[in-house]
Amino acid sequence: MSIRFCGLELAHPIINGSGTFDAIAAFRVFGEGLRGAFPFAAYVSKTITLEPRAGNPPPRLWEAPAGLINSIGLPNKGLGDYLLEDLPLLADMSTDPSGAGDSQAVPLITNVMGSNAEEISRLLEACDERPEISAIELNVSCPNVHTGLDIGADPRQLEQVVRAVRGRTGKPLIVKLTPNTADVALCARAAQEGGADAVSLINTLRAMALAPNPLSRPPRPWLGGVTGGLSGPAVRAVALAQVAAVAARVAIPVIGMGGVQSAAHARELIDVGATLVAVGTASFLDPAAGARIAAALHAGTAP
Ligand SMILES: Cc1cc2nc3c(=O)[nH]c(=O)nc-3n(C[C@H](O)[C@H](O)[C@H](O)COP(=O)(O)O)c2cc1C
């Protein structure tokens, strides 16, 4: 089942969705046992920004029918502390347990986000210097400070930004597209034209929930961030449509995700053109979901 993806050799096609599996916390809980049984073929970090972010005030989660709305707000310790504290831990965890040289059994993909080309350039340059990082995923669901529009929602802006930052790293650059746009395939084309090596989708769909008490007047938003992002089974059909549309329009590899809970769901995304499949919300229900799905894909059995 091993797969080549942007020059990397992966043991199987299942990786994690950014922000949905905390590998450092998992190692604290499961210890050394996880080293040889890591559930994903590559590990994607949560989104890292130049400066630390506290994230949104609570409440941060809402259970929607067949899904989850999160308004976590991308809290993270910032680039400096991520590189200093987290990356060495992640690199140690992902080293081949057989001790065969320094090879990383689980390549590390760092997900970064900035609000303009200059910020993104600094993130890419810093990641480029670190041999532990195998590839970079650029989250473009970040509002442009001038237009308020997500950078990735406008194909022209997306192409300009990717082109401006592309040269700042020699590592593979994956652009994580936003589904909250008129034509995601056009955005994927723009990312490719700008120099992306791969695209990933879908990120969460913009969503909202009102405070649960129907008698409260005026109605008020439940989530501290007012709106949040919908994920899980509720978005799977949307993900399938968007991955199919994108795969038909680009020549670069596509990482598909959105609501995957089983090998059958992963197989559908592969059938419409995904090279890799990421498991996100399902890992909150079952931290071993990635391993279960990879094993079932390999065996040709569902789920
Ligand atoms: C709690 C939570 C946190 C997330 N954090 C990030 C993040 O930091 N960066 C990012 O690019 N995507 C983030 N995502 C989006 C996921 O990586 C994925 O694109 C999305 O949830 C769809 O996949 P799923 O339905 O399998 O969860 C997050 C999703 C959830 C549910």
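Is Cys 187 buried or exposed, going by its C-beta neighbours inside 10 Å? Cys 187 counts as buried, because 29 C-beta neighbours fall inside 10 Å and 20 are enough for that label. Bear in mind that this is a predicted model. Below is a quick tour of that cysteine, the nonpolar core, a four-stranded sheet and the shell around the ligand.

**Cys 187 and its helix**
- You'll find Cys 187 in helix α5, which covers residues 184–194.
- Setting aside neighbours within four places in sequence, Cys 187 makes contact with Gly 152, Pro 155, Leu 158, Leu 177 and Thr 181.
- Leu 297 sits 110 residues away from Cys 187 along the chain, and 30 Å separates the C-alpha atoms of the two.

**The nonpolar core**
- The largest nonpolar core has 83 residues.
- Ile 136, Ile 174, Val 175, Ala 191 and Val 199 are the ones that touch the most other members.
- Take Val 199: not counting residues up to four places away in sequence, its contacts include Ile 174, Val 175 and Ala 191.
- Val 199 also touches Leu 177, Ala 188, Val 246, Val 250, Ile 252 and Val 254.
- Leu 177 turns up in the contacts of Val 199 and in those of Cys 187.
- As background, nonpolar side chains tend to be buried together in soluble globular proteins.

**The four-stranded sheet**
- This one is an open sheet with antiparallel pairing, and its strand order reads β5-β6-β12-β11.
- At the edges are β5 (61–64) and β11 (205–208), each of which pairs on one side only.
- On average, neighbouring strands in this sheet are turned by 35 degrees against each other, direction ignored.
- In general, it is backbone hydrogen bonds that pair the strands of a sheet, whether parallel or antiparallel.

**The β5-β6 hairpin**
- Strands β5 and β6 (residues 67–70) run antiparallel and are joined by four bridges.
- Leu 61 stands opposite Asn 70 of β6, while Ala 64 has Gly 67 as its bridge partner.
- Two residues lie between the strands of this hairpin, and Ala 66 takes a positive phi near 60 degrees there.

**Around the ligand**
- The ligand is surrounded by 27 residues, and the closest are Gly 17, Gly 19, Ser 231, Gly 280 and Thr 281.
- Sorted by class, this shell holds 16 polar, nine nonpolar and two charged residues.

How values were computed
Residues are numbered from 1 along each chain as its sequence is written. This is a predicted model: local features need pLDDT of at least 70, side-chain atom pairs count only at pLDDT 80 or more; totals for chains, interfaces and linings use all residues. A nonpolar core is a set of buried Ala, Val, Leu, Ile, Met, Phe, Trp, Tyr and Cys residues joined through C-beta atoms within 7 Å. A residue is buried if 20 or more other C-beta atoms lie within 10 Å of its own, exposed if 12 or fewer, and partly exposed in between; C-beta atoms are placed from the backbone. Two residues are in contact if their C-beta atoms, placed from the backbone, lie within 7 Å. Two strands pair if DSSP finds at least two bridges between them. Axes are lines fitted to C-alpha atoms, for helices over the stretch in contact, and angles run from 0 to 180 degrees between N-to-C directions. A residue is near a molecule or strand if its C-beta atom, placed from the backbone, lies within 6 Å of it. Ala, Val, Leu, Ile, Met, Phe, Trp, Tyr, Cys and Pro count as nonpolar, Asp, Glu, Lys and Arg as charged, and the others, Gly among them, as polar.
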